[in-house]
Amino acid sequence: MAQSQLAIQVPVEVLAPQLDLTDVLSRTAAIEELFKTAFIPTDRASQYFRWLDELRLLKQCGRVIGPRDVGKSRSSVHYREEDRKRVSCVKAWSNSSSKRLFSQILKDIHHAAPRGRRHDLRTRLASCLEPFGIELLLVDNADNLQREALVDLKQLHEESGVSIILIGGQDLDSSLQNFDLLTCFPTLFEFDRLDYEDFQKTLRTIELDLLALPQASNLSEGTLFELLAVSTQAQMGTLIKLLTKAVLHSLKKGHRKVDEAILHNIANRYGKRYVPPESRKKSELGEG
């Protein structure tokens, strides 16, 4: 019987894979988790922490104002984690009332009775903060607070003596001024973008201490530094999001460092609005 051609075993040379896919996936998952959870120290954050220490000591209230994605929230959470027993940090929900906010704070400090009526919650909170050892309340997304909640926070400070810090954007200042409450939270910390030197140091910290890739990417130098500075506007949150994508794509493509071409492609597309082809053509014709 003639042997079937399909049964003939053709010798094939099997090449060893250049990269272990399991190792790559494991490493990228670890890096992605690090970017999500790790706190990256900056000079801006250190200044913020010293400012918080001072207000705690003086028992004064204040507000932290800055644009989105500059690191206000992550820095505030880190400060709380470093001194969990004496600092409470909560994030206000949209259109948050006093009742909802005070219930959040009571849960955060592990009070046994975090629910009740608005007046009861404020009275309960004012009477328990000192016995619980709480010296500072951080309220993130304070732009979301109703007028009632802002007024009640002022009264909470007067009744308890605990420093209260509101964290938000320009809308927070506008609300406080409209409600005649700006002087109740008088001390201001401007949490802005990183300056040139701080941004450069931060990139070195990320590359050496957080990523530790097999090859140096030199993120804080030359064209890569310029690309990151322009595309992120030195905003910490934007930098973390963009770099996470660039690192993961580079590793999955077999690179042992952050690839410049991949970073450039991601930076050019990140956060850009979609423009239909027709509109692009009209724009190009108009420019011509």
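Two rings of Phe, Tyr or Trp (the six-membered ring for Trp) are taken as a pair when their centres lie within 6.5 Å. By this rule the structure, a predicted model, holds ten aromatic pairs.

**Stop 1: the aromatic cluster**

Select F39, Y48, F49, W51, Y79, F189 and F191; together they form one aromatic cluster. Keep F49 and Y79 on screen. Their ring centres are 5.5 Å apart and the planes meet at 35°, so this pair is tilted, the class for angles that are neither under 30 degrees nor over 60. F49 belongs to helix α2 and Y79 to helix α3 (residues 72-82), so the pair links parts that are 30 residues apart in sequence. F49 counts as buried at 16% relative accessibility, and Y79 is buried with a relative accessible area of 7%.

**Stop 2: Y196 and F225**

Move to Y196 and F225. Here the ring centres are 5.3 Å apart and the planes stand at 80°, so the pair is edge-to-face. Y196 is in helix α8 (residues 196-211) and F225 in helix α9 (residues 222-232), so parts that are 29 residues apart in sequence are tied together. Colour the two by accessibility: Y196 counts as exposed at 55%, while F225 is buried at 7%.

**Stop 3: the sheet**

Show the strands. Five of them form an open, parallel sheet in the order β2-β3-β4-β1-β5. β2 (87-91) and β5 (187-190) are at the edges with a single partner strand each, so one side of each has no neighbour in the sheet. On average, neighbouring strands are turned by 20° against each other, direction ignored.

Zoom in on β3 (residues 136-140) and β4 (residues 163-168), which pair in the parallel sense over four bridges. Pick L138 and find its bridge partner in β4, I165.

Now add helix α6 (residues 147-160), which packs on the sheet and touches β3 and β4. The direction of α6 makes about 155° with that of β4. Then add helix α2 (residues 43-58): it lies across β1 (62-65), β2, β3, β4 and β5, and runs at about 170° to β5.

**Stop 4: helices α4 and α5**

Finish with α4 (residues 98-108) and α5 (residues 118-128), which pack at an angle of about 35° with their axes 9 Å apart. The crossing of α4 past α5 is left-handed. To see the contact, select S98, K99, F102, S103, I105 and L106 of α4 together with R118, L121, R122, R124, L125 and C128 of α5. Coloured by type, the residues of this contact divide into six nonpolar, two polar and four charged.

Technical notes:
Residues are numbered from 1 along each chain as its sequence is written. This is a predicted model: local features need pLDDT of at least 70, side-chain atom pairs count only at pLDDT 80 or more; totals for chains, interfaces and linings use all residues. Side-chain values use heavy atoms; hydrogens and water are left out. Axes are lines fitted to C-alpha atoms, for helices over the stretch in contact, and angles run from 0 to 180 degrees between N-to-C directions. Helices (H or I, at least four residues) and strands (E, at least two) are DSSP runs, numbered from the N terminus. A crossing is left-handed if the near helix is turned anticlockwise from the far one by less than a right angle, and right-handed if clockwise. Contact means heavy atoms within 4.5 Å. Ala, Val, Leu, Ile, Met, Phe, Trp, Tyr, Cys and Pro count as nonpolar, Asp, Glu, Lys and Arg as charged, and the others, Gly among them, as polar. Two strands pair if DSSP finds at least two bridges between them. Buried means under 20% relative accessible area, exposed over 50%, partly exposed in between (1.4 Å probe, protein chains only).
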